[in-house]
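User: I am new to this structure and would like a close look at a single part, the site where the ligand sits. Please take me through its surroundings and the pocket there.

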Amino acid sequence: MEKVALVTGSSRGIGRAIARRLSEDGYAVCINYIERRDKAEELAAEIAAAGGRAFCFQADVSDRAAVDAMAAEVKRRFGPVSLLVSNAGIAGQMLIQDVGDEAWNRYFAVNVEGFRNCVQAVLPDMIHAKQGSIVSISSIWGLRGASCEAVYSATKHAIIGLTRSLAMELAPSGIRVNCVAPGVIDTDMVQVLGQETLDELARMTPLGRLGRPEDIAEAAAFIGGDRASFITGQVLTVDGGFSG
Ligand code: NAP
């Protein structure tokens, strides 16, 4: 199989750093986005200028037909996906009493069904090739509870459950499935918390700073790549010691 990566939600933040890192590792990369075409195209141009191969594809990962179309377009351009990084996700803070059906369903649709949709879209070719690698992006809030982020935390727990189960189910087909659980990473997602809270979170982190998207990209590139060929079903926490 050629080195072909599909990184969902890679126009910004963690996904962007992962796509860039995988390109440096020799992968042809599909940069997926939902709204920020400008940021996706900026990254594609950056990768092309560095001699890599990338293209952008707009798809809401919760939309099964859109994800199938994306996987088909990757295959047409580069060949079948050999590494899926299911990174696209949404977060937000609310009290459990305020979580209506719409919010509940949207969190699960993007964070959990999005993962399933992408897995199901790339799996037939991976099974056919008897090889492939899948990396999910959970969170430290997928390993423990998070006050005022119950739904987000539940989706991130579900991602870990799916990851571990798929690792067992797909190992006989030569496909590895692992997860990266980031701590607090300095991206657009956490800016809503405000600078004061972010400073406090950095102080609470044993390594004394917030994570950078590149910290997660290194972990994802390692666990998704051939150097981790005997690792499957694992959750790699990358949080500067935050969760102890
Ligand atoms: P971010 O800065 O908000 O970026 C989100 C990315 O996902 C963007 O590229 C966005 O595309 C894309 N996206 C959002 N909804 C999508 C959808 N329905 N379909 C396709 N793409 C979609 O987030 P981030 O901080 O990089 O987080 C990335 C992942 O890491 C998420 O799963 C998040 O839960 C997880 N995580 C983050 C942290 C943290 O502290 N930042 C900690 C733990 C885990 P557009 O640019 O087009 O909007």
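Analyst: What follows describes the ligand, the residues around it and the pocket it occupies.

This is a predicted model, in which local features need pLDDT of at least 70 and side-chain atom pairs count only at pLDDT 80 or more, while totals for chains, interfaces and linings use all residues. Residues are numbered from 1 along each chain as its sequence is written, and side-chain values use heavy atoms, with hydrogens and water left out.

The ligand is surrounded by 33 residues, and the closest are S11, E35, R36, Y152 and T187; a residue counts as near when one of its heavy atoms lies within 4 Å of the molecule. Sorted by class, this shell holds 15 nonpolar, 11 polar and 7 charged residues, where Ala, Val, Leu, Ile, Met, Phe, Trp, Tyr, Cys and Pro count as nonpolar, Asp, Glu, Lys and Arg as charged, and the others, Gly among them, as polar. At least two residues of the shell come from each of α1 (13-24), β2 (28-33), α4 (101-129) and α5 (150-170), with helices (H or I, at least four residues) and strands (E, at least two) taken as DSSP runs and numbered from the N terminus.

Several side chains make polar contacts with the ligand, a polar contact being a pair of N or O atoms within 3.5 Å. An N or O atom in the side chain of Y152 is 2.6 Å from an oxygen atom of the ligand, a polar side-chain atom of R12 lies 2.7 Å from a ligand oxygen, and for K156 the distance from a polar side-chain atom to an oxygen of the ligand is 2.9 Å. Taken alone, the ligand exposes 910 Å², of which the protein buries 95%, with areas from the Shrake-Rupley method and a 1.4 Å probe.

The space that the ligand takes is the largest pocket; on a 1 Å grid over the protein atoms alone, a pocket is an open set of points with protein on both sides within 12 Å along at least five of seven lines, and its lining residues have an atom within 4 Å of a point. About 1200 Å³ of space lies in this pocket, a volume being the space filled by probe spheres set on the points. It is lined by 45 residues, of which G89, I90, A91, T187 and M189 are the closest to its centre. Among the elements that supply at least two lining residues are α5 and α6 (195-204), while α1 gives the most, with 3 residues.

Key. Polar contact = N/O pair within 3.5 Å; in protein donor to acceptor, adjacent residues only side chain to side chain. 1 Å grid on protein atoms, 1.4 Å probe; cavity = no way out; pocket = protein on both sides within 12 Å on 5 of 7 lines; lining within 4 Å. Sits in = over half its atoms within 2 Å of the grid points.
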